Amino acid sequence: MQHRSKEALANRKKMQPVWDEKYLRSEKGFFKEIWNGIKNRCDKNSGYHKLNKRTVQVNNGIRDRDHLLELWEKQKKLLGGPYCIYTGVELTTVKNSGKGYTGRTKTNISVDRIDPSLPYQENNIVFCSWEFNGRKAGVTIDDCKKILRVYEEHRARN
């Protein structure tokens, strides 16, 4: 067993939050948090559901953080960089913490289910900005079709 000096232990205790934050700002660390969020949304025993009275989602094929990272790399290759598939804004991995926390960073990576009635699965997720995903949250594919129909009818009349 390795013994550490009191100074080394104190330094480790002081530096651990810095190291943790640096890791969570990296793509791997950020995607670990995204994966944990998906696991919580898909686990009926999670406090996420008990505290927020939310519906349990289904994960039908997203295996782990590394699988999410593979899908993210495919999207980056498709778009030529780390961009929101909907808006083209450059996506970030900013970890908000500590005093003055004012909410999520609007440009952070968010996993979006293209069709919210389908589970988390490879052919139903894309990566977009947290802000766009929040705006899209209450809109279904059928809603989008209705909005487009009304828009086109309105344009035709004017």
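**A buried aspartate, a nonpolar core and a helix pair**

Aspartate 112 is buried, with just 3% relative accessible area. That value, like the others here, comes from a predicted model. The residue sits in strand β1, which covers residues 109-113. What does the side chain of aspartate 112 pair with through a polar contact? The partner is the side chain of tyrosine 86, at 2.5 Å. Once neighbours within four places in sequence are set aside, aspartate 112 still touches Tyr86, and also Asn124, Ile125, Val126, Cys128, Asn133 and Lys136. So aspartate 112 falls well on the buried side of the cut-off: its 3% is under the 20% that marks a buried residue.

Stepping back to the whole chain, there are six helices and two strands. Read from the N terminus, the order of elements is α-α-α-α-β-β-α-α. The chain has 158 residues, and 27% of them count as buried. As for contacts between residues at least 6 apart in sequence, 48% link residues that are at least 24 apart.

Next comes the largest nonpolar core, a set of 18 residues. Which of its members touch the most other members? They are Phe31, Ile34, Leu68, Ile109, Val111, Ile125 and Phe127. Two or more residues of this core come from each of α2 (27-41), α4 (65-79), β1 and β2 (125-129). Of these, α2 is the top contributor, with five residues. Valine 111 gives a closer look at the surroundings of one core member: beyond its neighbours within four places in sequence, valine 111 contacts Ile34, Ile38, Leu68, Tyr120, Ile125, Val126, Phe127 and Asn133. Ile125 and Val126 turn up in the contact list of valine 111, and both are in the list for aspartate 112 too.

The two helices named in that core, α2 and α4, also pack against one another. Their axes lie 9 Å apart, at an angle of about 115°, and the crossing of α2 past α4 is right-handed. On the α2 side, the contact is made by Glu27, Lys28, Phe31, Lys32, Ile34, Trp35 and Ile38. On the α4 side, Arg65, Leu68, Leu69, Trp72, Glu73 and Lys76 take part. How do these residues divide by type? Seven are nonpolar and six are charged, with no polar ones. Phe31, Ile34 and Leu68 belong to this helix contact and are also among the core members that touch the most others.

Among the charged residues of this contact, lysine 76 is worth a closer look. Lysine 76 is part of helix α4 and, at 17% relative accessibility, counts as buried. The reason is simply the cut-off: 17% is under 20%, so lysine 76 is classed as buried. The side chain of lysine 76 has a 3.1 Å polar contact with the side chain of glutamate 27, and another of 3.1 Å with that of glutamate 73. Leaving out residues within four places in sequence, lysine 76 touches Glu27, Gly81 and Pro82.

Leucine 79 is another residue of α4. Is leucine 79 buried or partly exposed? At 31% relative accessible area, leucine 79 is partly exposed. Residues up to four places away in sequence aside, leucine 79 touches Cys84 and Ile85.

Past α4, the chain enters the loop that leads to β1, and valine 94 lies there. Valine 94 counts as partly exposed, at 28% relative accessibility. The C-alpha atom of valine 94 is 8.7 Å from that of arginine 104, a residue 10 positions away along the chain. With neighbours within four places in sequence left out, valine 94 is in contact with Arg25, Phe30, Thr105 and Asn108.

Finally, asparagine 158 belongs to the segment after α6 (141-157). With a relative accessible area of 68%, asparagine 158 is exposed, whereas aspartate 112 is buried. Even so, the side chain of asparagine 158 makes a polar contact of 2.9 Å with the side chain of histidine 154.

Conventions: Residues are numbered from 1 along each chain as its sequence is written. This is a predicted model: local features need pLDDT of at least 70, side-chain atom pairs count only at pLDDT 80 or more; totals for chains, interfaces and linings use all residues. Side-chain values use heavy atoms; hydrogens and water are left out. Helices (H or I, at least four residues) and strands (E, at least two) are DSSP runs, numbered from the N terminus. Buried means under 20% relative accessible area, exposed over 50%, partly exposed in between (1.4 Å probe, protein chains only). A polar contact is a pair of N or O atoms within 3.5 Å; within protein, one must be able to donate a hydrogen and the other to accept it, and residues adjacent in sequence count only if both atoms are side-chain atoms. Contact means heavy atoms within 4.5 Å. A nonpolar core is a set of buried Ala, Val, Leu, Ile, Met, Phe, Trp, Tyr and Cys residues joined through side-chain atoms within 4.5 Å. Axes are lines fitted to C-alpha atoms, for helices over the stretch in contact, and angles run from 0 to 180 degrees between N-to-C directions. A crossing is left-handed if the near helix is turned anticlockwise from the far one by less than a right angle, and right-handed if clockwise. Ala, Val, Leu, Ile, Met, Phe, Trp, Tyr, Cys and Pro count as nonpolar, Asp, Glu, Lys and Arg as charged, and the others, Gly among them, as polar.
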